[in-house]
Amino acid sequence: MAKIADYLRLVKFSHTIFAMPFALLSFVYAVKLSGVALAESNPYWWAVLLVQVVLCMVFARNVAMGFNRWADRFIDAENPRTQDREIPAGKISPRGAVIFIVGNALLFIVVATTINPLCGWLSPVALGIVMFYSYCKRFTALAHIVLGISLGIAPVGAYMAVTGTASLECWLLALVVMAWCAGFDIIYALQDAEFDRKRGLHSIPSHFSATTSLVISALLHLASVLFLVWFATFQPNSWLLWLGCGLFTAIVASEHYLVTPTRQRNIGIAFGTFNAMASMSLALCLIANLLIYA
């Protein structure tokens, strides 16, 4: 059990809550659009598919985070903030991490292939994108955007799992996730700005002042809200819809009250707790809106 706990900490399993709610929202929206005819032959057709989508989410994220920790193992060992992570601390060997990554990658491809041909063919592409992020900070400050794209794959994949195609709505959700995650990743990267400068690593905070970095983060968060409002125009118009959008906006905005250039001690709370609250409250309200009013 202790070793399992080490691997769960390696991939920050609790942070699955960031993108998973958006994937579930996209899944429910797609089911509502295409599920009527399928429900006539099997009213529970969606249940197995939901399990497959959740498994793909978990396996893909395990690959992404596991590979990130493996690729950054020497950097993490030098950074005082990350020296106690599982690989540099010796709790998990680099070889063990690679086995974990390869195993999850194979499971992801297998499960994706059982969903439909499109998901199967695109599964290696998805893995390539989420793994590519780990090397971006070595050559570009746009690594935050690449992280956002990696997480934004989730709602698109969930929609494709149901329909076998994509739509404007799922791409709008992807843009919400991309801008939101890039924004909060900039806030998180403030902790390592000085270390990144000395080490020659690239990030928005290592290239700009804390004030400028937070302005860029706020602009990305504003973009995520605007994309969300656009997505909302495709949903049933009810108080639940606007409650969810309002909560998401208020929680994300509060991150910029908690974290300022001179007050960075709240980064952990803003990053972990507040972002989890934002994604969960939005998904719960909008999924309920679809189930009740669609």
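**Exercise 1. Place Ile87 in this predicted model, and decide whether Ile87 is buried or exposed.**

Step 1: Start with the chain. Ile87 sits in the loop that runs between helix H4 (73-78) and helix H5 (94-115).

Step 2: Turn to accessibility. The relative accessible area of Ile87 is 8%. Buried means under 20%, so Ile87 is buried.

Step 3: Look for its partners. Setting aside neighbours within four places in sequence, Ile87 is in contact with Leu10, Arg69, Trp70, Arg73, Ile92, Pro94 and Ala97.

Step 4: Add a distance. Tyr7 is 80 residues from Ile87 in sequence, and their C-alpha atoms are 10.0 Å apart in space.

**Exercise 2. Find out which residues of the largest nonpolar core touch the most other members.**

Step 1: Take the core as a whole. The largest nonpolar core holds 78 residues, and Phe22, Trp180, Phe248 and Val259 are those that touch the most other members.

Step 2: Ask which helix contributes most. That is H13, which gives twelve residues to this core.

Step 3: Check for a separate core. Another one, of six residues, lies apart from the largest core, and its members include Leu10, Ile87, Ala97 and Phe100. Here you meet Ile87 from the previous exercise again.

Step 4: Zoom in on Phe248. Not counting neighbours within four places in sequence, Phe248 is in contact with Phe22, Val176, Trp180, Ser224, Leu228, Ala278, Ser281 and Leu282.

**Exercise 3. Describe the second largest pocket: how much space lies in it, and which residues line it?**

Step 1: Begin with the volume. The second largest pocket has about 180 Å³ of space.

Step 2: List the lining. Phe27, Val28, Val31, Lys32, Trp46, Leu50, Ile287 and Leu291 line this pocket.

Step 3: Sort the lining by helix. Helix H2 (20-41), helix H3 (45-71) and helix H13 (267-293) each provide at least two of its residues. H2 has the largest share, with four residues.

Step 4: Sort the lining by character. Seven of the residues are nonpolar, none is polar and one is charged.

**Exercise 4. Compare where Ser26 and Ser209 lie, and decide for each whether it is buried or partly exposed.**

Step 1: Locate both. Ser26 belongs to helix H2, whereas Ser209 is in the loop between helix H10 (204-207) and helix H11 (210-232).

Step 2: Use accessibility. Ser26 has 2% relative accessibility and therefore counts as buried. Ser209, at 39%, counts as partly exposed, because partly exposed covers values between the buried limit of 20% and the exposed limit of 50%.

Step 3: Look around Ser26. Leaving out residues up to four places away in sequence, Ser26 touches Pro155, Ala158, Tyr159, Cys170 and Leu173.

Step 4: Look around Ser209. Its side chain makes a polar contact of 3.1 Å with the side chain of Thr212. Pro261 is 52 residues from Ser209 along the chain, with 8.5 Å between their C-alpha atoms.

**Exercise 5. Work out which helices hold His144 and Val125, and whether each residue is buried or partly exposed.**

Step 1: Name the helices. His144 is in helix H7 (residues 143-163), and Val125 is in helix H6 (residues 117-136).

Step 2: Apply the accessibility values. With a relative accessible area of 4%, His144 is buried. Val125 has 47%, so Val125 is partly exposed.

Step 3: Find the contacts of His144. Beyond its neighbours within four places in sequence, His144 is in contact with Ala182, Asp185, Ile186, Ala189, Ser203, Ile204 and Pro205.

Step 4: Finish with the distances. His144 and Ala179 are 35 residues apart in sequence, with C-alpha atoms 9.2 Å apart. Val125 and Arg73 are 52 residues apart along the chain, and 24 Å separates their C-alpha atoms.

Key. Residues are numbered from 1 along each chain as its sequence is written. This is a predicted model: local features need pLDDT of at least 70, side-chain atom pairs count only at pLDDT 80 or more; totals for chains, interfaces and linings use all residues. Side-chain values use heavy atoms; hydrogens and water are left out. On a 1 Å grid over the protein atoms alone, a cavity is a set of points where a 1.4 Å probe fits but cannot get out, and a pocket is an open set with protein on both sides within 12 Å along at least five of seven lines; lining residues have an atom within 4 Å of a point. Grid points are joined across faces, edges and corners, and a volume is the space filled by probe spheres set on the points. Ala, Val, Leu, Ile, Met, Phe, Trp, Tyr, Cys and Pro count as nonpolar, Asp, Glu, Lys and Arg as charged, and the others, Gly among them, as polar. Buried means under 20% relative accessible area, exposed over 50%, partly exposed in between (1.4 Å probe, protein chains only). A polar contact is a pair of N or O atoms within 3.5 Å; within protein, one must be able to donate a hydrogen and the other to accept it, and residues adjacent in sequence count only if both atoms are side-chain atoms. A nonpolar core is a set of buried Ala, Val, Leu, Ile, Met, Phe, Trp, Tyr and Cys residues joined through side-chain atoms within 4.5 Å. Contact means heavy atoms within 4.5 Å.
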